[in-house]
Each structure stands twice: as structure tokens, then as C-alpha cells.
Amino acid sequence: MNSIARSIQAFGLDLCLMICFRDGQASAAVAFEGHAPQGPRLQAQNTCHESAVHDLMTQVHQLMERAYQQYRDARLCQWTAQLVAPVGSDVQLSVFDQWLLEKLMTTCPQFQVGWTPLQDVPAAFRVLRVGSSLRIQVMLGGLSGVPHTTVIAVSDVHQLTTAVRDFVGQVIATSVSAGAAD
């Protein structure tokens, strides 16, 4: 397995890609501004290392552009943004979504992060902020039904993702218990 690191600047952020090549595929972990890589790895299927690096760097630019556009739209319209990368039940966000949430939490007195499906469980969540209150809503199954809601007090993205992960787990456990009681 070969590995290389590439630095890239996108929308004023210094990003670092840790790219690994294995069996004709390349994958990259992305970190920003001196943080450890987080979130899902980007993938490129290309046997040529140079082309794979180019593909991965293009993906980074596209994801950062989408995150920036979501932030800009939410800030200008004062409301909805959507996460740009898939999210699993561990609610480990990509660096792009971390950046987006951090910007929203620090600059927007009200916003909503639209319904985000979780990849490995039949649930979705969204986050709403009005004034100083943050609400997490979780819906099991499809997006038809009554969402479960909790109000939380958090000050940063890490606390928010922890609260979302814990609340999703709580809603799923309650649903399983209610199903077993029937």
C-alpha cells in the first residue's frame, strides 16, 4: 500500500488529503486546519496514481463548494442548509459538514439542517436553531410520521454530534422496546 499527502486550499480553508492506494483504488481521509481526519473516506477507482489524486482533489473541491453554498444560502435566506456528505449512525461528520455546522452555529441566530438520512439505520435527523435553543428531531423509517424531538444546550459541533448520536440511539431503543411490548 502506497500513501501520499496533498495539501489543498478551498474557500479559504487549508485542507490535507491523506491518500492511500491499494488494489487499483485510491481513498483519502480529509483533515482541515490542523485537525485529525474525520468522516467517511473519499474513494476513487483509478489505476493511475496521478489520475486518482486528481479525482480525489476534484471531489474535495466539489464538496467544499457545496458546503460553502449551503452555508451561504442559509445565511442569506436565514434558514435551511443540508449536509453534503453521507452520515452513519455514529454521526461522524465529514470535515465539510463540520465546517458547515460550525459556521451556522457561530454566525446564524436561526437555521435548520434539513432531514439527513443515516446510512446504516432506518432513521433520519434534523437540527433546528431558533435563538439560543437547538432542537434535534429524529424520525424512524421513512419521513412520514411524527418526529421525536429534544431540546439541547450545546456550544460546539462535537457536543452537537454527540447529542444527535445519543438521541438517535435513545429513539431507536425506545422504539425497539415499544415494539417488543406489543
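**Reading a predicted chain**

From the N terminus on, the elements of this predicted model follow the order β-β-β-β-α-β-α-β-β-β-β-α. That makes three helices and nine strands in the chain.

User: How do you know how far the predictor trusts this model, and where is confidence lowest and highest?

Analyst: pLDDT is a confidence from 0 to 100. The chain averages 86, and 93% of the residues score at least 70. Strand S4 (residues 42–45) has the lowest confidence, with a mean of 83, while strand S6 (residues 110–117) has the highest, at 93.

User: What makes strands S7 and S8 a pair?

Analyst: Two strands pair if DSSP finds at least two bridges between them. Strand S7 (residues 123–130) and strand S8 (residues 133–140) are joined by eight bridges, so they count as a pair. The two run antiparallel. Within this part of the sheet, arginine 126 stands opposite glutamine 137 in S8.

User: Which strands form the open sheet, and in what order?

Analyst: Five strands form it, in the order S5-S6-S7-S8-S9, and the pairing is mixed. Strands of a sheet can pair in a parallel or an antiparallel way, through backbone hydrogen bonds.

User: Why are S5 and S9 called edge strands?

Analyst: Strand S5 (80–81) and strand S9 (148–152) each pair on one side only. Pairing takes at least two bridges, and S5 and S9 have such a partner on one side only, so they are the edge strands.

User: How do you know that helix H2 packs on the sheet, and which strands does it touch?

Analyst: Contact means heavy atoms within 4.5 Å. Helix H2 (residues 95–107) touches S5, S6, S7 and S8. The direction of H2 makes about 155° with that of S6.

User: How many cavities of 30 Å³ or more does the structure hold, and what volume has the largest cavity?

Analyst: The structure holds one cavity of 30 Å³ or more. The largest cavity has a volume of about 40 Å³.

User: Which residues line the largest cavity, and which element gives the most to the lining?

Analyst: The lining consists of Leu83, Val91, Leu93, Leu101, Phe125, Val127, Leu160, Thr161 and Val164. S7 and helix H3 (157–181) are the elements that give two or more residues to the lining. H3 gives the most, with three residues.

User: How many residues of each class does the lining of the largest cavity have?

Analyst: The lining has eight nonpolar residues, one polar residue and no charged residues. Leu, Val and Phe count as nonpolar, whereas Thr is not among the nonpolar or charged types and therefore counts as polar.

Note on methods
Residues are numbered from 1 along each chain as its sequence is written. This is a predicted model: local features need pLDDT of at least 70, side-chain atom pairs count only at pLDDT 80 or more; totals for chains, interfaces and linings use all residues. Side-chain values use heavy atoms; hydrogens and water are left out. Helices (H or I, at least four residues) and strands (E, at least two) are DSSP runs, numbered from the N terminus. Axes are lines fitted to C-alpha atoms, for helices over the stretch in contact, and angles run from 0 to 180 degrees between N-to-C directions. On a 1 Å grid over the protein atoms alone, a cavity is a set of points where a 1.4 Å probe fits but cannot get out, and a pocket is an open set with protein on both sides within 12 Å along at least five of seven lines; lining residues have an atom within 4 Å of a point. Grid points are joined across faces, edges and corners, and a volume is the space filled by probe spheres set on the points.
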